[in-house]
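Biologist: Hi, I'm new to this one. Could you walk me through it?
Modeller: Sure, have a look at it first and then we can talk.

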Amino acid sequence: GDILDDYLRTDGVWILTRNKQFYKTNNERECAEKCDAERNFTCRAFLFTRKKLECLTLAENAKMTVMFTSTDAVLYEKRIYLMQCKRGIGTDYRGTEAKTQRGIPCQKWAEKIPHKPNYTPEKHPSAGLEENYCRNPDGDESGPWCYTTDPAMRFDYCAIPECEDQVTHPGEGECMECNGEDDRGEVSRTESGLECQRWDAQEPHMHGFTQKHYPEKDLKMNYCRNPDGELRPWCFTTSPNKRWEYCNIPRCFTRPPVSGLDSQCLSGKGEDYRGRIANTESGNACQHWNTQFPHKHGWIPDRYPCKGLEENYCRNPDGEKKPWCYTTNSSVRWEYCTIPSCDRTEQGIAGMNNVPVQVPLPEECYRGKGQSYRGTTSVTASGKKCQAWNSMFPHWHIKTPDRFPDADLRDNYCRNPDGDSSPWCFTTDPNTIWEYCNLKRCDDHTQE
């Protein structure tokens, strides 16, 4: 497997750490190799900066120190040091439990008081004997243990919960089709063993993924779901230090058939469009989905098997207002495509019944500060796509439709709910929280 499979990735964060080593590398995989080979300390994580191609191997992970935003950085944490449960007898347990099942604090492995240890970090360098954490260096059948700080009790076992089978082996036969958007299973732990937070709770993490906002997404109990088109099902965790994490649900071997209904023309937002138009509205040719040039992107066909990302055809994998593509023009990242509508026959019938078909006129300018702007532009001034207002990914925020009922916070359209100088939106770029939108102020002489 890929060396990065052993790590959990978090974009746009930095952590404060005392023990670190700097390396010059070309990519994240090379940085992971440096972490695996680190001999100055136990490497639990690494930071990689995209611009400088700098690699920092770290002795601490986000559970052990302070984390803060840093737009250019990517944090990779070794999964083994995030697991708070044990598999089998727990020889690979690297969690931070440091007291016995009776509640007695553990003695540090490197100390000799009150007990002189047989198992020390020097004698067993690969057994994870750090600090006073519970470990199982001798393969004891009863699981992780430690020397105690009680002079009357040399050692005792620790109460480490078993990793539920669903962490490593989900429910019998449970697998996800596509990216798990329709998964309705009952897995309720993340891939590192953390328990999921209930969707109807706002503790320890506040969020906008409620049954009210996403009635079709089956957000019940604390089951792993994929309400927002992520790579696979996930959940908020009950750990205050880890906001959310993916769940371990394998992909089914069989792919569901793609409906051919209306798929050669534009119906709704065109999410089921499977036609072969490969040019944008302005005439730019589309970039192939399986290439990263001239524009690097995350819509990789293998990761999203049901989105129809074939060749360089226009598609709508992310619920945009209509199909789009990255362009082969290096100065234009992406554009919408012009797809013929499937509604012609419906319009004909409507005309016969004398029911007017309302075609909303696009508003491409705003007046004043733009608080009355109700157009459908959803692109920022630098060309980034807007995040939906009722979504909390990639940015958590409080500008929700519930809190600003009069601001028309629909879909991911540019708006000005807070009296800023012009319409804006949160962006889908994890490194850019928000930007003003690509809109001009209306000329004062323009008629309504």
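Modeller: One term before we start: a disulfide here is a pair of cysteine sulfur atoms within 2.5 Å. Searching the whole structure that way gives 13 disulfides. Keep in mind that this is a predicted model.

Biologist: OK. What kind of bond is a disulfide, chemically?
Modeller: A covalent bond between the sulfur atoms of two cysteines.

Biologist: Let's zoom out for a sec. How many helices and strands does the chain have?
Modeller: There are three helices and 15 strands. The chain has 448 residues, and 45% of them count as buried.

Biologist: And what share of the exposed area comes from carbon and sulfur atoms?
Modeller: They supply 50% of about 23700 Å². On contacts, if you take those with a separation of 6 or more, 62% are between residues 24 or more positions apart.

Biologist: Back to the start of the chain. Which residues of α1 are buried?
Modeller: Helix α1 covers residues 28–37, and Glu-28, Cys-31, Ala-32 and Cys-35 are buried there. They sit on the same side of α1, because they cover an arc of only 105° around the axis.

Biologist: What do those buried residues pack against?
Modeller: Four strands: β1 (7–15), β3 (45–49), β4 (54–58) and β5 (67–78).

Biologist: Which residue caps the N-terminal end of α1?
Modeller: Asn-27 does, with a side-chain oxygen 3.2 Å from the backbone nitrogen of Arg-29.

Biologist: You mentioned β4. Why is it largely enclosed by the rest of the structure?
Modeller: Because four of its five residues are buried.

Biologist: So how many bridges join β2 to β4?
Modeller: Five, and the two strands run antiparallel. β2 is residues 20–24, and Lys-20 stands opposite Leu-58 in β4. Five bridges also join β3 to β4, again antiparallel, with Thr-49 opposite Glu-54 in β4.

Biologist: Where's the positive phi in the hairpin of β3 and β4?
Modeller: At Leu-53, near 55°. That hairpin has four residues between the strands.

Biologist: Switching back to disulfides. How far apart are the sulfur atoms of Cys-106 and Cys-146?
Modeller: 2.1 Å. The torsion about the S-S bond is about -75°, so that disulfide is left-handed. Cys-106 is in the loop between β5 and β6 (145–147), while Cys-146 is in strand β6, so the pair ties together parts 40 residues apart in sequence.

Biologist: Are Cys-106 and Cys-146 buried or exposed?
Modeller: Both are buried.

Biologist: Got another pair for me?
Modeller: Cys-134 and Cys-158 form a disulfide, with their sulfur atoms 2.1 Å apart. The link is left-handed, with -85° about the S-S bond. It joins distant parts of the chain: Cys-134 is in the loop between β5 and β6, and Cys-158 is in the loop between β7 (155–157) and α2 (165–168), 24 residues apart.

Biologist: Why does Cys-158 count as buried?
Modeller: Because its relative accessibility is 7%, and buried means under 20%. Cys-134 counts as buried too, at 0%.

Biologist: One last pair, further along?
Modeller: Try Cys-314, which a disulfide joins to Cys-337, S to S 2.1 Å. This link is left-handed, with -85° about the S-S bond. Cys-314 lies in the loop between β9 (244–246) and β10 (324–326) and Cys-337 in the loop between β11 (334–336) and α3 (344–352), so parts 23 residues apart in sequence are tied together.

Biologist: Are Cys-314 and Cys-337 buried or exposed?
Modeller: Cys-314 is buried, and Cys-337 is as well.

Definitions and conventions: Residues are numbered from 1 along each chain as its sequence is written. This is a predicted model: local features need pLDDT of at least 70, side-chain atom pairs count only at pLDDT 80 or more; totals for chains, interfaces and linings use all residues. Side-chain values use heavy atoms; hydrogens and water are left out. Buried means under 20% relative accessible area, exposed over 50%, partly exposed in between (1.4 Å probe, protein chains only). The arc is that of the directions from the helix axis to the C-beta atoms. Contact means heavy atoms within 4.5 Å. A polar contact is a pair of N or O atoms within 3.5 Å; within protein, one must be able to donate a hydrogen and the other to accept it, and residues adjacent in sequence count only if both atoms are side-chain atoms. Two strands pair if DSSP finds at least two bridges between them. Accessible areas come from the Shrake-Rupley method with a 1.4 Å probe; for residues, only the protein chains shown count as cover.
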